[in-house]
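This note is offered to a colleague who is meeting the structure for the first time. The points below may be read alongside the sequence and the model.

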Amino acid sequence: MDSDLAKLYDIETRRLNEQVRRNIDKFPEDVMFQLTPEEFKNLKSLFATSSSAWGSRRKVSLVFTEHGALQ
C-alpha cells in the first residue's frame with residue numbers, strides 16, 4: 001500500500017502519491033491501482049485497525065505490485 005511504501009522510502013504518503021500522479025505514465029494498471037471505497041472499507045475491517053491509524057486518510061489507498069514498488 002502507498003503508506004507502507006512511503007515508510008519504506010522514509011517519505012510522507014502524500015508526497016509519494018504526488019510523485020506517482022505526476023508520473024502516472026510510468027505506473028500502468030498491472031503495477032499499481034487504486035482501491036475502491038468498498039475495498040478500502042473491507043481492508044480496514046479485516047485488520048481491525050484503530051481509527052487513529054486509518055481515520056486520518058481522506059483518499060483511498062494506492063496499491064503497488066512488487067514491480068510497481070521498485071519503480
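1. Among contacts in the chain between residues at least 6 apart in sequence, those joining residues at least 24 apart make up 69%. The reader should bear in mind that this is a predicted model.

2. The chain contains 5 helices and 2 strands. Read from the N terminus, the order of these elements is α-α-β-α-α-β-α.

3. As to exposure, 27% of the 71 residues of the chain count as buried. The accessible surface of the chain is about 5,400 Å², and carbon and sulfur atoms account for 54% of that surface.

4. The largest nonpolar core is built from 9 residues, namely Leu5, Ala6, Leu16, Val20, Phe27, Val31, Met32, Leu62 and Phe64. Two or more residues of this core come from each of α1 (2-8), α2 (13-22) and β2 (62-64). A second core, separate from this one, has 5 residues, including Leu35, Phe40, Leu43 and Val60.

5. Phe64, a member of the largest core, deserves separate attention. Which residues does Phe64 touch, leaving aside those up to four places away in sequence? They are Asp2, Leu5, Leu16, Val20, Phe27, Val31, Met32 and Ala69.

6. Asp2, one of the residues touched by Phe64, belongs to helix α1. Is Asp2 buried or exposed? Its relative accessible area is 0%, and Asp2 is therefore buried, the limit being under 20%. The side chain of Asp2 has a polar contact with the side chain of Asn17, at 3.1 Å.

7. Helix α1 also holds Leu8, which presents another situation. Leu8 counts as exposed because its relative accessibility is 63%, the cut-off for exposed being over 50%. Together with Tyr9 and Ile11, Leu8 forms a nonpolar patch on the surface, and the accessible area of these residues together is about 320 Å².

8. Asp10 is located in the loop between α1 and α2. Although Asp10 is not a glycine, its phi is positive, at about 55°. With a relative accessibility of 71%, Asp10 counts as exposed.

9. In review, two aspartates of this chain may be set side by side. Asp2 is buried and lies in helix α1, whereas Asp10 is exposed and lies in the loop between α1 and α2.

Definitions and conventions:
Residues are numbered from 1 along each chain as its sequence is written. This is a predicted model: local features need pLDDT of at least 70, side-chain atom pairs count only at pLDDT 80 or more; totals for chains, interfaces and linings use all residues. Side-chain values use heavy atoms; hydrogens and water are left out. A nonpolar core is a set of buried Ala, Val, Leu, Ile, Met, Phe, Trp, Tyr and Cys residues joined through side-chain atoms within 4.5 Å. Buried means under 20% relative accessible area, exposed over 50%, partly exposed in between (1.4 Å probe, protein chains only). Helices (H or I, at least four residues) and strands (E, at least two) are DSSP runs, numbered from the N terminus. Contact means heavy atoms within 4.5 Å. Patches are made of residues with over 30% relative accessible area and no salt bridge: like charges are joined within 9 Å, nonpolar side chains (Val, Leu, Ile, Met, Phe, Trp, Tyr) within 5 Å. Accessible areas come from the Shrake-Rupley method with a 1.4 Å probe; for residues, only the protein chains shown count as cover. A salt bridge is a side-chain nitrogen of Lys or Arg within 4 Å of a carboxyl oxygen of Asp or Glu. A polar contact is a pair of N or O atoms within 3.5 Å; within protein, one must be able to donate a hydrogen and the other to accept it, and residues adjacent in sequence count only if both atoms are side-chain atoms.
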